[in-house]
Amino acid sequence: MPRSRISPAEGLTALLGLALAGAGLLLGTGRWRAGGLLAGAAHATFCATAAIPNHPLSGPLVRRFRPEAPDVWLTIDDGPHPESTPAILELLHQHNARATFFVIGRNAARHPGLLQDIAGAGHTLGNHTHHHCTASFWTAGPRRIAREIDEAAAAVAAAGLPPPRYFRAPVGMTNLFVAPALAARGLLRIGWSARGFDTRARTPAAVVGSVMKNCRPGTIILLHERGPAAGVRSLAPLLARLEKRSMRCVLPSDPELIVDGAGQ
Ligand SMILES: [Zn+2]
């Protein structure tokens, strides 16, 4: 089926642009109340699409894939870190599991050897911005978004590795400026469909329970390198549980990815 020319995100961006232009006209002709209301509505819509993690209206997004076997895609965010990455790699090796590491550019620049270890073990790297500004990335304009993406990509390149093809925003929150920046760089935004909330003070059993509740073939699992219940602490029991259910952690191929909000 051919793709339509305008994606939902592009359509919404155009609509918001029209609304703001209309608000400007109204305000310029002294119709303060109507202009203010229209500008407020456009602003609220922008914030709503940005503030909801994994919102498909803020651009193409992958949250699941279509595996041929009962496979899942394990993604691990916020590394690399010398206290967590080597132990995670060892655990993945023991379970013959593959994962994608969404690395923070600033951390990657400090530890290029860890990036090489990750790639050398057959895992993939994703771009998770350079500074991982959880509170403000979703409010950023096009220039800052481009800088965050490009600096993280440069940190990976400095380790002598190919540029990541996947992107994940800090806490999954983006805005309408992110999609065009990703498209221009050939990056695909990856969300998740099962998470363990392992950055909170929880038991590993609770983390595993949260993941497994939503875990089925084609699920994208979100875990973290750093946090009270993150790293091998929860990954070890999770991998054991997945094995019991005969579910493998694999790296999906492009045709297996299900892209939402791409105007297809
Ligand atoms: Zn993160």
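A residue counts as buried here if 20 or more other C-beta atoms lie within 10 Å of its own. By that criterion, buried residues account for 44% of the 264 residues in the chain. The structure is a predicted model, and its chain holds 9 helices and 10 strands. Contacts in the chain often reach far along the sequence: of those between residues at least 6 apart, 77% join residues at least 24 apart.

A good place to begin is the interior. In soluble globular proteins, nonpolar side chains tend to be buried together. In this model, the largest nonpolar core has 60 residues, and the members that touch the most others are Val-72, Leu-74 and Ile-221. Helix H6, spanning residues 142-158, gives the most to this core, with 6 residues. Val-72 offers a closer view of such contacts: leaving aside residues up to four places away in sequence, Val-72 touches Cys-215, Thr-219, Ile-221, Leu-242, Met-247 and Cys-249. Ile-221 thus appears both among the partners of Val-72 and among the core members that touch the most others.

Helix H6 also packs against a neighbour. The axes of H6 and helix H7 (residues 178-185) come within 9 Å and cross at roughly 45 degrees, which makes H6 oblique to H7. The crossing of these two helices is right-handed. On the H6 side, the contact is formed by Pro-142, Ile-145, Ala-146 and Ile-149, while H7 supplies Val-178, Ala-181 and Arg-185. Sorted by class, the contact of H6 with H7 comprises 6 nonpolar residues, no polar residues and 1 charged residue.

A second helix pair can be described in the same way. Helix H8 (residues 204-213) and helix H9 (residues 232-244) pack at an angle of about 50 degrees, and their axes are 9 Å apart. H8 and H9 are therefore oblique to each other, and H8 passes H9 in a right-handed crossing. Pro-204, Val-207, Val-208, Val-211 and Met-212 of H8 meet Arg-233, Ser-234, Pro-237, Leu-238 and Arg-241 of H9. By class, this contact of H8 with H9 has 7 nonpolar, 1 polar and 2 charged residues.

One further residue of H8 rounds out the picture. Ala-206 lies in this helix. Is Ala-206 buried or partly exposed? With 16 other C-beta atoms within 10 Å, Ala-206 is partly exposed, because that class falls between the limits of 20 or more for buried and 12 or fewer for exposed. The C-alpha atoms of Ala-206 and Gly-196, which are 10 residues apart along the chain, are separated by 7.6 Å.

Definitions and conventions: Residues are numbered from 1 along each chain as its sequence is written. This is a predicted model: local features need pLDDT of at least 70, side-chain atom pairs count only at pLDDT 80 or more; totals for chains, interfaces and linings use all residues. Axes are lines fitted to C-alpha atoms, for helices over the stretch in contact, and angles run from 0 to 180 degrees between N-to-C directions. Helices (H or I, at least four residues) and strands (E, at least two) are DSSP runs, numbered from the N terminus. Angles under 35 degrees count as roughly parallel, over 145 as roughly antiparallel, 65 to 115 as roughly perpendicular and the rest as oblique. A crossing is left-handed if the near helix is turned anticlockwise from the far one by less than a right angle, and right-handed if clockwise. Two residues are in contact if their C-beta atoms, placed from the backbone, lie within 7 Å. Ala, Val, Leu, Ile, Met, Phe, Trp, Tyr, Cys and Pro count as nonpolar, Asp, Glu, Lys and Arg as charged, and the others, Gly among them, as polar. A nonpolar core is a set of buried Ala, Val, Leu, Ile, Met, Phe, Trp, Tyr and Cys residues joined through C-beta atoms within 7 Å.
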